[in-house]
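User: Could you take a close look at one part of this model with me? I'd like a connected account rather than a list.

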Amino acid sequence: MKKPYSECRFPWENVQIMADGVVKPCCWIDGAGVGNLNLNSFEEVWNGGKMQVLREYIERGEVHQMCKRRPCPYNTEPHFDL
């Protein structure tokens, strides 16, 4: 069963750091993530604009573009499994 998107806590409690330095707030995020540790510090990425905007969307219960079309347990919008 899907959970309300506003219950997602990943951008406040979690990150995934890929081998190429890309930082993603969870394993379901599509694309370039929210930053790259080869270009910025962890603190800059964690507190950066992309992460802040993602958190604001979640607080409003809106699905951010990087979360759309993903089989996330919080995303109740239609998605496509890749």
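Which residues in the largest nonpolar core touch the most other members, and what can you tell me about helix α3 (residues 49-60)?

Analyst: Happy to! Keep in mind that this is a predicted model. The largest nonpolar core has 15 residues, and those touching the most other members are Tyr5, Val34, Leu54, Met66 and Cys67. Helix α3 supplies the largest share of this core, with 3 residues.

Let's turn to the helix itself. α3 is 12 residues long and spans 17 Å from its first C-alpha to its last, close to the 16 Å expected at 1.5 Å a residue. Met51, Leu54, Arg55 and Ile58 are its buried residues. Viewed down the axis of α3, the buried residues fall within an arc of 100°, so they line one face of the helix. In general, an α-helix has 3.6 residues a turn, so residues three or four places apart point the same way. The buried residues of α3 pack against α1 (10-13) and α2 (42-46).

Two of those buried residues, Leu54 and Ile58, are touched by Tyr5, whose other contacts include Tyr57, Gly61, Val63 and Cys67. Gly61 comes just after α3 and takes a positive phi of about 80°.

Arg55 deserves its own look. Although buried, Arg55 has no salt bridge: the nearest side chain of opposite charge is Glu59, 7.6 Å away. Beyond its neighbours within four places in sequence, Arg55 is in contact with Pro11, Trp12 and Trp46.

Note on methods: Residues numbered from 1 in each chain as written. Predicted model: local features only at pLDDT ≥ 70, side-chain atom pairs only at ≥ 80, totals over all residues. Heavy atoms only, no water. Buried < 20%, exposed > 50% of the residue type's maximum accessible area, 1.4 Å probe, protein only. Lys, Arg positive; Asp, Glu negative; His and termini not counted. Salt bridge = Lys/Arg side-chain N within 4 Å of Asp/Glu carboxyl O. Contact = heavy atoms within 4.5 Å. Core = buried A, V, L, I, M, F, W, Y, C linked by side-chain atoms within 4.5 Å. Helix = DSSP H or I, 4+ residues; strand = E, 2+ residues; numbered from the N terminus. Expected span 1.5 Å × (residues − 1). Arc of directions from axis to C-beta.
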